[in-house]
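Could you walk me through this protein, starting from how its pieces pack and ending with its overall build? Have the model open and turn it as you read.

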Amino acid sequence: EHSDLVIAARRAMGHGVTFHAASDYGYSIAVYMKDPDGNEIELAWDRDRSLWPWDENGNLRRSPTRITVDEALSHQG
């Protein structure tokens, strides 16, 4: 559930983690942070498969949209 992403991100933020980016992929929402060595770490939530953006041929449309971290953590859809 989306609330799991929100809980995990807020818990990390409570320990000083800063998320520098977020994306809505249509099938998932992700937030990004960097570890102390500079490696990027993604926390993501996958929407129910019935809500994924399928094209007329049954292929998954992949069109990431950059959103703010606040939008990612308040998104409900």
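**A walk through the fold**

Start with helix H1, which lies across E1, E2 and E3 and runs at about 150 degrees to E3. Keep in mind that this is a predicted model. Stepping back for the full inventory, the protein has 2 helices and 4 strands, and from the N terminus on they come in the order α-β-β-β-β-α.

Now look at the sheet. The 4 strands make an open sheet in the order E3-E2-E1-E4, with antiparallel pairing. Strand E3 (40–46) and strand E4 (65–67) sit at the edges with a single partner strand each, so one side of each has no neighbour in the sheet. Going from one strand to the next, the twist averages 25 degrees.

Let's zoom in on the pairings. E1 and E2 run antiparallel and are joined by 5 bridges, while 7 bridges join E2 to E3, again antiparallel. Tyr 32 is a handy residue to follow here: this E2 residue is the bridge partner of Ala 21, and Tyr 32 also stands opposite Glu 42 in E3. If you trace the chain from E2 to E3, you'll go round a hairpin with 5 residues between the two strands. Gly 38, in that turn, has a positive phi of about 90 degrees.

What about the inside? In soluble globular proteins, nonpolar side chains tend to be buried together. Here the largest nonpolar core has 14 residues, and the members that touch the most others are Phe 19, Val 31 and Leu 73. Helix H1 (2–14), strand E1 (19–24), strand E2 (28–34) and helix H2 (69–74) each give two or more residues to this core. H1 supplies the largest share, with 4 residues.

Phe 19 is a good place to park the view. Which residues is Phe 19 in contact with, once its neighbours within four places in sequence are left aside? The list is Ala 9, Ala 12, Met 13, Val 31, Tyr 32, Met 33, Leu 43 and Val 69. You'll spot Tyr 32 there again, the residue that pairs with Ala 21 in the sheet. Apart from the largest core there is another one, made of 7 residues, including Tyr 25, Tyr 27, Ala 30 and Leu 60.

Charges get a short stop on the tour. Side chains of opposite charge can pair when their charged atoms come close. How many salt bridges does a search of the whole structure find? It finds 1, and the partners are the side chains of Asp 24 and Arg 47, at 3.0 Å from N to O. Asp 24 belongs to strand E1 and Arg 47 to the loop between E3 and E4, so the pair ties together parts of the chain that are 23 residues apart in sequence. Are these two buried or exposed? Both Asp 24 and Arg 47 are buried.

Finally, zoom out to the whole protein. The C-alpha atoms fill a box of roughly 45 × 25 × 15 Å along the principal axes. Of the 77 residues, 35% count as buried. Among contacts with a separation of 6 or more, 50% are between residues 24 or more positions apart. The protein exposes about 5200 Å², and carbon and sulfur atoms supply 47% of that area.

Definitions and conventions:
Residues are numbered from 1 along each chain as its sequence is written. This is a predicted model: local features need pLDDT of at least 70, side-chain atom pairs count only at pLDDT 80 or more; totals for chains, interfaces and linings use all residues. Side-chain values use heavy atoms; hydrogens and water are left out. A nonpolar core is a set of buried Ala, Val, Leu, Ile, Met, Phe, Trp, Tyr and Cys residues joined through side-chain atoms within 4.5 Å. Buried means under 20% relative accessible area, exposed over 50%, partly exposed in between (1.4 Å probe, protein chains only). Contact means heavy atoms within 4.5 Å. Two strands pair if DSSP finds at least two bridges between them. Axes are lines fitted to C-alpha atoms, for helices over the stretch in contact, and angles run from 0 to 180 degrees between N-to-C directions. A salt bridge is a side-chain nitrogen of Lys or Arg within 4 Å of a carboxyl oxygen of Asp or Glu. Accessible areas come from the Shrake-Rupley method with a 1.4 Å probe; for residues, only the protein chains shown count as cover.
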